[in-house]
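Biologist: I would like to learn how to read a model of a protein with RNA, feature by feature. Could we look at it together and take the general idea before each case?

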Amino acid sequence: MNVKERLAGAIARAAAAAVSDGALPQGALPEVFLEVPPEKSFGDYATNFAMQAARTLKANPRKIAEAVVGRIEFPWLDRAEIAGPGFINFFLKPDWLHELLQEILDAGPAYGNTQSGGRQKVQIEFVSANPTGPLHVGHGRGAAFGSALANLMSAAGYDIQKEFYINDAGNQIDNLAASVEARYLELLGQTVEFPEDGYHGKDIIDTAQRIIDNSGSRYLLVSPAERREIFKQIALEEKLAALKEDLESFGVTFDVWFSERSLFADDAVAAACAQLREKGFAYDKDGAFWLRSTAFGDDKDRVIIRDNGVPTYFASDIAYHDNKFRRGFAKVINIWGADHHGYIPRMKAAMAALGYDPERLEVLILQMVSLYQGGELVKMSKRTGQGVTLSELIEEVGRDAARYFFIMRSLDSQLDFDLDLAKSHSNENPVYYVQYAHARIASIFRQMAEAGVAFDSSAKADLSCLTSAWELDLIRKIGDYPEEIAAAARDRAPHRIARYAHELAGLFHSFYNGCRVLGVEPELTTARLALVTASQRVLRHSLGILGVDAPEKM
RNA sequence: CUGCCCGUAGCUCAGCUGGAUAGAGCGCUUGACUACGAAUCAAGAGGUCGCAAGUUCGAAUCUUGCCGGGCAGGCCA
């Protein structure tokens, strides 16, 4: 439990005491929120508690503040002042930051991990790109975000499972097979009409070529239907393997790869449909089978099974999400592109119809990515196969920069990805700013070893000689980290960690510039090495959440 | 026409439960390497928070209406 939480507890206790001894009227007390005030003269922490309580207690905020201040008991508190309309500003004893740093060091390399998630079982499904072509930069954003969110929520004490849903059934896969077949025939000299909804990517031609390399022209002899079935299987395996490889080289792995086909093989789709019918939320009309999603706030009812008997993708999605909840997840998080946001109401409706609380399904929408190069928009389209793929992007700007750029913005703002900026190995690039701080620290330890300075990070140092603003601000920031993890996880907002890491790096660079670590009095060197150790751990931990390397040298 | 997201400094974006003088990076101006990495630091200029009402002691934040940009509105995915 950190200082802030303990102080908040002390405030709540003081307020409760004031109520029980009659100094304040009876009434519900609001939750205590502490903030770091905008100015140092307002103390170390401040709260608007008295102003909030003024509403529920119908009392003068300054009176409430006085009652709280008069009753508060907190070991590190130096003094509390009432300011403005009713803020309470808390000034802590100078030593509190030294004790805080000691606690941080005692926590070891895992410092930052919290239990705020309460081991809640949460599944995060992301990317889930159709295995019909290479990943593009939009998938990259989802992949970077999803994996960072998983890291973040794991650090915050959630029990996380990452899943990729393989769309290996339905139209698009048939189109894939037909596209490969067309390329195959073309390569063998036949003139064919390319399928209207076919995939034009070069990778399709490559696949056809590999089939020829391996098996020659023998598939000319089998029936078209059988040929397409074979090509479908070959292409699927190949595309899936390529997908996995791309993702792995982007630092993204999954615990489960879930096949859509398996839902049909297990009759899960039929079972889900039967259940919906039984519960009275699905019906037959015009030869099709419909979900009565309007019963749960959707704009219109939706077709689950077409009049030709073929299930829509929605049918397997319902079965899939039913399957997820049956696996015991408290929360199921889906990360979708903005172009799918219209499906949220029907998906939630389906879950409600099956009897699940739709709140347990969280759909996070990521806005579109635009690539800019030389100040110009790079257009992309999967259909025509033009545009920048994820692997090209990684090759171009590097894994770390790509991940950082994808993660550093909040999900719901459209992302302008500046290729030139991401590529530049210079001070313009925020990734290197953070990584440089880590590398500098590593360099200090190398120098230390060379100079024969002894330092044991687990030994207690006299930290009280850390007195400059550079040192104290840095400790303060490091002390905020667990809370930042908890808040970012709660808000599903890994970009906050990117920001935090950047701010921490900034404070470290200032410290580094203002304070020598090596070559000063031995006690001061030891204390500063302790501070540097803590800084390095938190930098590494936060970069780890982002999936960005923490280099020793660069 | 309807729904969702966005509109904050020249550019790209933060801004947590409504709170004190609205922040960061880049870019721009000016300084700092004869000691741990200058991919760094220090200082400065730069904003009617799209517009207008409303709620409130108090609004970038909540509500409504407009304006502008993006994305959706299939028995496509």
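**Reading the RNA surface and the protein around it**

Modeller: By class, the surface near RNA strand B in this predicted model has 22 nonpolar, 21 polar and 18 charged residues.

Biologist: Which residues come nearest to RNA strand B?

Modeller: Of the 61 residues around the strand, those that come nearest are Glu39, Arg55, Phe87, Tyr343 and Tyr436. On the RNA side, sugar and phosphate make up 57% of the atoms of RNA strand B that come within 4 Å of the protein.

Biologist: Which side chains have an N or O atom placed by a phosphate oxygen of RNA strand B?

Modeller: Here one looks at pairs of N or O atoms within 3.5 Å, since that is the cut-off for a polar contact. In the side chain of arginine 306, an N or O atom is 2.6 Å from a phosphate oxygen of RNA strand B, and a polar side-chain atom of serine 443 likewise lies 2.6 Å from a phosphate oxygen of that strand. Two or more residues of the surface near RNA strand B are given by each of the elements α2 (49–57), β4 (87–92), β9 (288–291), α16 (430–451) and α18 (495–514), and α16 provides the largest share, with 8 residues.

Biologist: Where does a backbone atom lie by a base nitrogen of RNA strand B?

Modeller: That is at aspartate 286, where a backbone N or O atom lies 3.5 Å from a base nitrogen of RNA strand B. Aspartate 286 belongs to the hairpin of β8 and β9, which has 2 residues between the strands, and takes a positive phi near 55 degrees there. Strand β8, residues 282–285, pairs with β9 in the antiparallel sense over 4 bridges, and tyrosine 283 has tryptophan 290 of β9 as its bridge partner.

Biologist: How should I read a pair of strands that run parallel, and which strands do so here?

Modeller: As a general idea, side chains in a regular strand alternate between the two faces of the sheet. In this model β5 and β6 run parallel and are joined by 5 bridges, with glutamine 123 standing opposite glutamine 161 in β6. Strand β5, residues 121–125, is largely enclosed by the rest of the structure, because 4 of its 5 residues are buried.

Biologist: Strand β6 also holds lysine 162; what is the nearest side chain of opposite charge to lysine 162?

Modeller: The nearest is aspartate 255, 5.2 Å away, and lysine 162 is buried yet has no salt bridge. A polar atom of the lysine 162 side chain does lie 3.2 Å from the backbone oxygen of threonine 253.

Biologist: How do I read burial along a helix, and why is helix α14 described as largely enclosed?

Modeller: The general idea is that an α-helix has 3.6 residues a turn, so residues three or four places apart point the same way. Helix α14, residues 399–407, is largely enclosed by the rest of the structure because 8 of its 9 residues are buried; among them are Asp400, Arg403, Tyr404 and Phe405. Alanine 402 is found in this helix too, and it counts as buried because its relative accessibility is 0%. The C-alpha atom of alanine 402 is 8.7 Å from that of phenylalanine 250, although the two residues are 152 residues apart along the chain.

Biologist: What is the setting for these features in chain A as a whole?

Modeller: Chain A has 19 helices and 15 strands, and 51% of its 554 residues count as buried. Taken along the principal axes, its C-alpha atoms fill a box of roughly 90 × 65 × 40 Å.

Definitions and conventions:
Residues numbered from 1 in each chain as written. Chains lettered and ligands numbered in written order. Predicted model: local features only at pLDDT ≥ 70, side-chain atom pairs only at ≥ 80, totals over all residues. Heavy atoms only, no water. Near = heavy atom within 4 Å. Polar contact = N/O pair within 3.5 Å; in protein donor to acceptor, adjacent residues only side chain to side chain. Nonpolar A, V, L, I, M, F, W, Y, C, P; charged D, E, K, R; others polar. Pairing = 2+ DSSP bridges. Buried < 20%, exposed > 50% of the residue type's maximum accessible area, 1.4 Å probe, protein only. Lys, Arg positive; Asp, Glu negative; His and termini not counted. Salt bridge = Lys/Arg side-chain N within 4 Å of Asp/Glu carboxyl O.
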